[in-house]
Amino acid sequence: MEKETKDKKIVIEWHSLFRDLKRNAICIALSLFIGLMAVYIMRQSVYSPEYTSTATLVVNAKLGNLNPYANLSVSSEMSKVFAEVFVQPSMRSKAAQQAGVGGFRGSIRANAITGTNLLQVSVTTDNPELSYRELCAVLEVYPQISDIVFENAVIDVIKMPAMAHGPSNAM
């Protein structure tokens with residue numbers, strides 16, 4: 001009896017399977033269409049656009065007597081430190097005070113570009129004008145904080161922020 005159960009195999013009758021699929025093709029297509037519509041409706045109802053304004057900064061050391069490679073190396077290390085400074089809560093609170101609003105609604109991201117002394121700072125909110133205004137406020141208050149962290153650093157804006165024309169998380 002054990003031998004009989006081991007020898008049984010599942011046999012798929014392909015012609016029967018295709019015949020059933022062909023008969024129910026309309027139901028299968030409608031089910032697929034309803035499923036795709038449900039996914040689309042869920043994405044539309046859950047989706048909230050985000051707008052990002054970005055500025056590019058260059059960090060330089062005030063030490064003018066170093067050779068250019070050493071100056072770039074020092075500036076590159078300083079840009080990594082400033083990337084951390086830009087995302088601190090104190091930067092958010094000072095920028096909110098500068099903008100004259102109750103609180104800073106956006107999220108700040110700062111990214112030191114590897115191997116360079118460039119720093120990209122961006123603010124993301126649900127409103128393009130708000131992200132632009134908050135980034136401008138951050139750029140206005142960073143000298144107050146940067147002078148405390150590094151007295152021998154100079155930060156210049158090389159690409160001014162612009163208002164976002166479309167969502168940064170487009171569907």
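This short talk walks through one buried threonine, two salt bridges and a nonpolar surface patch.

Hi everyone, and thanks for coming. A word on the source: this is a predicted model, where local features need pLDDT of at least 70, side-chain atom pairs count only at pLDDT 80 or more, and totals for chains, interfaces and linings use all residues. Residues are numbered from 1 along each chain as its sequence is written, and side-chain values use heavy atoms, with hydrogens and water left out.

Let's start with Thr 125. You'll find Thr 125 in strand β3, residues 118-125; helices (H or I, at least four residues) and strands (E, at least two) are DSSP runs, numbered from the N terminus. Is Thr 125 buried or exposed? Thr 125 counts as buried because its relative accessibility is 6%. For reference, buried means under 20% relative accessible area, exposed over 50%, and partly exposed in between, with a 1.4 Å probe and protein chains only.

Who surrounds Thr 125? Beyond its neighbours within four places in sequence, its contacts (heavy atoms within 4.5 Å) include Pro 49, Tyr 51, Arg 105 and Ser 131. A polar atom of the Thr 125 side chain sits 3.2 Å from the backbone nitrogen of Ser 131.

Arg 105 brings us to the salt bridges. Here that means a side-chain nitrogen of Lys or Arg within 4 Å of a carboxyl oxygen of Asp or Glu. How many does a search of the whole structure find? The search finds two. In one of them, Arg 105 pairs with Asp 126 at 3.0 Å, N to O. Arg 105 is in the loop between α5 (89-99) and β2 (107-112), and Asp 126 is in the loop between β3 and α6 (128-149), so this pair ties together parts that are 21 residues apart in sequence. Both residues are exposed.

Another salt bridge joins Arg 133 to Glu 129, with 3.8 Å between the closest N and O atoms. These two share helix α6, four residues apart, about one turn of the helix. Arg 133 counts as partly exposed because its relative accessibility is 42%.

Last stop, the surface. Ile 10, Ile 12, Trp 14, Leu 17, Phe 18, Leu 21 and Ile 28 form a nonpolar patch with about 760 Å² of accessible area together. Areas come from the Shrake-Rupley method with a 1.4 Å probe, and only the protein chains shown count as cover for residues. Patch residues have over 30% relative accessible area and no salt bridge; like charges are joined within 9 Å, and nonpolar side chains (Val, Leu, Ile, Met, Phe, Trp, Tyr) within 5 Å. Helix α2, residues 14-23, gives the most, with four residues. Phe 18 is in helix α2 and counts as exposed because its relative accessibility is 51%.

Notes: A polar contact is a pair of N or O atoms within 3.5 Å; within protein, one must be able to donate a hydrogen and the other to accept it, and residues adjacent in sequence count only if both atoms are side-chain atoms.
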